[in-house]
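Please look at the structure below and follow the text with the sequence at hand. The paragraphs go from place to place in the model, and each one stays with a single topic.

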Amino acid sequence: MAAKPPAGDPVQDAPQVAAPQHAAAGLPAIAHTLRAAHQQMGTVRTARTLLKVNQKDGFDCPGCAWPEEDKRHTAEFCENGAKAVAEEATVRRVTPAFFAQHPVSDLTERSGYWLGQQGRITEPMFLDEGADRYVPVTWERAFELIGSELKALGSPDEAVFYTSGRTSNEAAFLLQLFAREFGTNNLPDCSNMCHESSGSALTETIGIGKGSVSLDDLHKAELIIVAGQNPGTNHPRMLTALEKAKHAGAQIISVNPLPEAGLEHFKNPQTPQGMLKGTSLTDLFLQIRLGGDQALFRLLNKLILDTPGAVDELFVREHTHGYEEFAAAAKAADWDETLTATGLERADIERALKLVLASKSVIVCWAMGLTQHKHSVPTIREVVNFLLLRGNIGRTGAGVCPVRGHSNVQGDRTMGIFERPAPAFLDALDKEFGITSPRHHGYDVVRAIQALRDGDAKVFFAMGGNFVAATPDTHVTEAAMRRARLTVHVSTKLNRSHVVTGTRALILPTLGRTDKDVQKSGKQFVTVEDSMSMVHASRGNLPPASRHLLSEPAIVARMARAALGKESATPWEEFEQDYGLIRDRISRVVPGFEDFNSRVARPGGFVLPHGPRDERRFPTATGKANFTAAPIEYPELPEGRLLLQTLRSHDQYNTTIYGLDDRYRGIKDGRRVVLVNPEDAQALGLADGSYTDLISEWKDGVERRAPGFRVVHYPTARGCAAAYYPETNVLVPLDATADTSNTPASKSVVVRLEQSPTV
Ligand SMILES: Nc1nc2c(c(=O)[nH]1)N[C@H]1C(S)=C(S)[C@@H](COP(=O)(O)OP(=O)(O)OC[C@H]3O[C@@H](n4cnc5c(=O)[nH]c(N)nc54)[C@H](O)[C@@H]3O)O[C@H]1N2
Ligand SMILES: Nc1nc2c(c(=O)[nH]1)N[C@H]1C(S)=C(S)[C@@H](COP(=O)(O)OP(=O)(O)OC[C@H]3O[C@@H](n4cnc5c(=O)[nH]c(N)nc54)[C@H](O)[C@@H]3O)O[C@H]1N2
Ligand SMILES: [Mo]
């Protein structure tokens, strides 16, 4: 079996460039799936693992949060899901011998790719003050250390508990319970960098921060608008749903600065016909400028208002609030301003309007292209206005569809991982556990970094994720993290956050989704919630990567006992032994989880209630769906500059790099590329294949530079550029965030390009 990690680093980053592709999946996807799986797992383990992905008796794919259909295929996964599984189920191991061989000073010089390729961490490790090497530590000692550091804090608010979105409902519920019993709401999570803008906009307008559609709705929609999302890479199983909708007669509009292969043409690897011919997905491609979406939807709204009979007046009257003010603002929308903001042609928008008016049921899907801008919240609110105008919420085949990232990011929030919890949630928690949760808000991701930077936070605990690589302003963030007294990472794989540490650091290795979890009461399962509010069980079936691993619930339970001591009346030990007891408590605290244990025992699980979707009930302050009327914004671009978006390649999962290719975009063997429109490149004197530094320009005047990017002439919208994250996080200023949601604006960074001195 091919279990050896690649030899030395620095990894050679020497990008080769070919023409972008126009179709996704098909045979090459199958070949890549099998190769990636085989390299990490070998043949037998590959078969054993992949056949359990997303099956009703198997585990939930740790890839994305896209839902499964009720009837499952034998192979219910995609190329990138298989890579995510292989990454976790790898047979490579990071043992204490590895840490003895590699001091931290060596590991900080390695790329994130190399770190991730070393394999699963097998034992708890400790880095003491002044030491350069992690050494093995017993679990008892590790929890003692955490407990004593937490107890020594001047205030519970000097601790920060971060969650990445793979954490199960059970572990997430315990973590937020512990944080609140300890006395803080400092529960930042990856959502703060991801769909927070969607949550903010949707809660205000429809009363619930979640999508309102099911898979069945997608299959039945007449028009699907996919804006700011690249499903071919990031949610490949969504292409199957789009294909099904197309076959039933749906039209698809794709709104994106880039022509993404997956949205152009899909060769479904699960049907022989799909493999041969495939399906063209996009009917209309609107190649929009970065950040132009609010202006686009505003103008569409004006045009709908100007069309006699186009507004669903009954719906507006019965179910909405704020229509007059919104209509006045929308009517003032200006063609010229919209064309400038979007970079589109008048005819494009007229074509889009025609499709909209011809469709009874419309769904808008979106992801990071809409959420990571300064004006993301008003942008998503404008999408809601657009849907409300024609009654496209709470009806078959219609609704809002924010497509979530991490496989349980939505569930973690449902379980109370939130720095600004609703008072009703805390009341229920307090009543169930006899505690007094703090009512003041905690830190989100950006505020947590600021608090660490300013010395206001001293202990940083992460339930998964790769905080220093995923967050903005890398140099600032790394310096902030180094000021902490203790940093603790509960992880499966090695990453950058383990080597940029506080004075003392712990790595706590944990079970992943694919691992079998046996506790005192027997074999356990956990639960997750997908992008469409389906809650279901997930059971790993592989022997754990080492006998020293603890599950995430066990780690939280033991940390809680160490930090809270005998004063806590919460039965932490029993929770660790039997997750069913955690679910009993969830059923009494979180609305929609009544009879949790019995309902989740059903194969496929159950769907959570959703007022707007189920009965056009909008739990907002006005009791109705709210129209809103924000001023139009779009990014300003000074002369000679480009607007940079930081996005994902086909060969990565957030900060986990699977390989150095971005197949659909024609990039091979390297990640330091910047995609620039050929006309812009020419105007700026940037030859294809030349090397450039990216320098971000922000009002604080600080120079943020990412050196040595190969220029690739690429058909992106004018004035816009694209480069991969996390390498470009050095360019995103910490305080360049979205209004209201405080999400880093990592899709609109103003950059200057300067020829690189070397290469
Ligand atoms: N294989 C794989 N799967 C993943 C992930 C992964 O890294 N790898 N990550 C997971 C996570 S956490 C998330 S959040 C999702 C992310 O899923 P996506 O949001 O699809 O991910 P990005 O690569 O950030 O792509 C953003 C897309 O929006 C477009 N875009 C950027 N700015 C704008 C804009 O202003 N307007 C419009 N209309 N379009 C814009 C970009 O061109 C690109 O197509 O995927 C999840 N699934
Ligand atoms: N510039 C820029 N920055 C971005 C984005 C962007 O588009 N542009 N996207 C943002 C988005 S959408 C997101 S969601 C964040 C992602 O931020 P994070 O969620 O913090 O980052 P990941 O890279 O997903 O975390 C990977 C690590 O999680 C650990 N891990 C994997 N599986 C498990 C598990 O089962 N249990 C535990 N305990 N640990 C596990 C592994 O150690 C792995 O190294 O990044 C954000 N940052
Ligand atoms: Mo995300």
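A nitrogen atom of ligand 1 lies 3.2 Å from a backbone N or O atom of Thr233, in a model that, it should be said at once, is predicted. Two side chains also come to oxygen atoms of ligand 1: an N or O atom in the side chain of His373 is 2.7 Å from an oxygen atom of the ligand, and a polar side-chain atom of Arg648 lies 2.9 Å from an oxygen atom of the ligand. Taken alone, ligand 1 exposes 920 Å², of which the protein buries 99%. The shell around ligand 1 has 31 residues, and the ones that come nearest are Asn256, Glu260, Asp293, Gln652 and Asn654. At least two residues of this shell are supplied by each of α11 (231-234), α20 (368-371), β25 (642-647) and β26 (652-653).

What surrounds ligand 2, and which of the residues around it come nearest? There are 31 residues around ligand 2, and Tyr162, Ser164, Ala470, Glu552 and Thr655 come nearest. For two of these residues a polar atom pair can be given: a polar side-chain atom of Glu552 lies 2.7 Å from a nitrogen atom of ligand 2, while an N or O atom in the side chain of Thr655 is 2.6 Å from an oxygen atom of ligand 2. In addition, an N or O atom in the side chain of Lys747 is 3.1 Å from an oxygen atom of ligand 2. On its own ligand 2 has 930 Å² of accessible area, and the protein covers 96% of it.

We can now turn to charged side chains within the protein. The structure holds 57 salt bridges, and one of them joins the side chains of Asp106 and Arg110, with 2.9 Å from N to O. Arg110 counts as buried because its relative accessible area is 18%, which falls under the 20% limit for that word. Another salt bridge is formed by Lys374 and Asp739, whose closest N and O atoms are 2.9 Å apart. This pair links distant parts of the chain, since Lys374 lies in the loop between α20 and α21 (376-389) and Asp739 in the loop between β32 and β33, 365 residues apart. Both partners are partly exposed, Lys374 at 41% relative accessibility and Asp739 at 31%.

Arg718 and Glu679 also form a salt bridge, and their closest N and O atoms are 2.9 Å apart. Because Arg718 lies in the loop between β31 (704-713) and β32 and Glu679 in helix α32 (residues 678-684), the pair ties together parts that are 39 residues apart in sequence. A network of salt bridges links Arg641, Asp693, Glu697, Glu703, Arg705, Arg752 and Glu754.

Is Lys493 buried or exposed? Lys493 counts as buried, because its relative accessibility is 11%, and its place is in the loop between β17 (486-491) and β18 (504-509). The side chain of Lys493 makes a polar contact of 2.9 Å with the side chain of Glu87, and the side chain of Lys493 also reaches the backbone oxygen of Gly116 at 3.1 Å.

The backbone has some features that deserve a careful look. Most residues other than glycine have a negative phi, and most peptide bonds are trans. Ser533, however, has a positive phi of about 65° although it is not a glycine. Ser533 is placed in the loop between β21 (526-529) and β22 (534-538), and it counts as buried at 1% relative accessibility. Arg616, in the loop between α31 (611-615) and β24 (625-626), likewise has a positive phi, near 50°. The peptide bond from Tyr725 to Pro726 is cis, with omega near 10°, and Pro726 sits in the loop between β32 (720-724) and β33 (749-755).

Two helices complete the tour. Helix α7 (residues 139-151) has 13 residues and reaches 18 Å from its first C-alpha to its last, close to the 18 Å expected at 1.5 Å a residue; its buried residues include Trp139, Phe143 and Leu150. Helix α1 (residues 27-41) contains Ile30, which is partly exposed with a relative accessible area of 31%. Together with Leu27 and Leu34, Ile30 makes a nonpolar surface patch of about 280 Å².

Methods:
Residues numbered from 1 in each chain as written. Chains lettered and ligands numbered in written order. Predicted model: local features only at pLDDT ≥ 70, side-chain atom pairs only at ≥ 80, totals over all residues. Heavy atoms only, no water. Patch = residues over 30% accessible without salt bridge, like charges linked within 9 Å, V, L, I, M, F, W, Y side chains within 5 Å. Areas by Shrake-Rupley, 256 points an atom, 1.4 Å probe, with all protein chains shown as cover. Salt bridge = Lys/Arg side-chain N within 4 Å of Asp/Glu carboxyl O. Helix = DSSP H or I, 4+ residues; strand = E, 2+ residues; numbered from the N terminus. Buried < 20%, exposed > 50% of the residue type's maximum accessible area, 1.4 Å probe, protein only. Expected span 1.5 Å × (residues − 1). Near = heavy atom within 4 Å. Polar contact = N/O pair within 3.5 Å; in protein donor to acceptor, adjacent residues only side chain to side chain.
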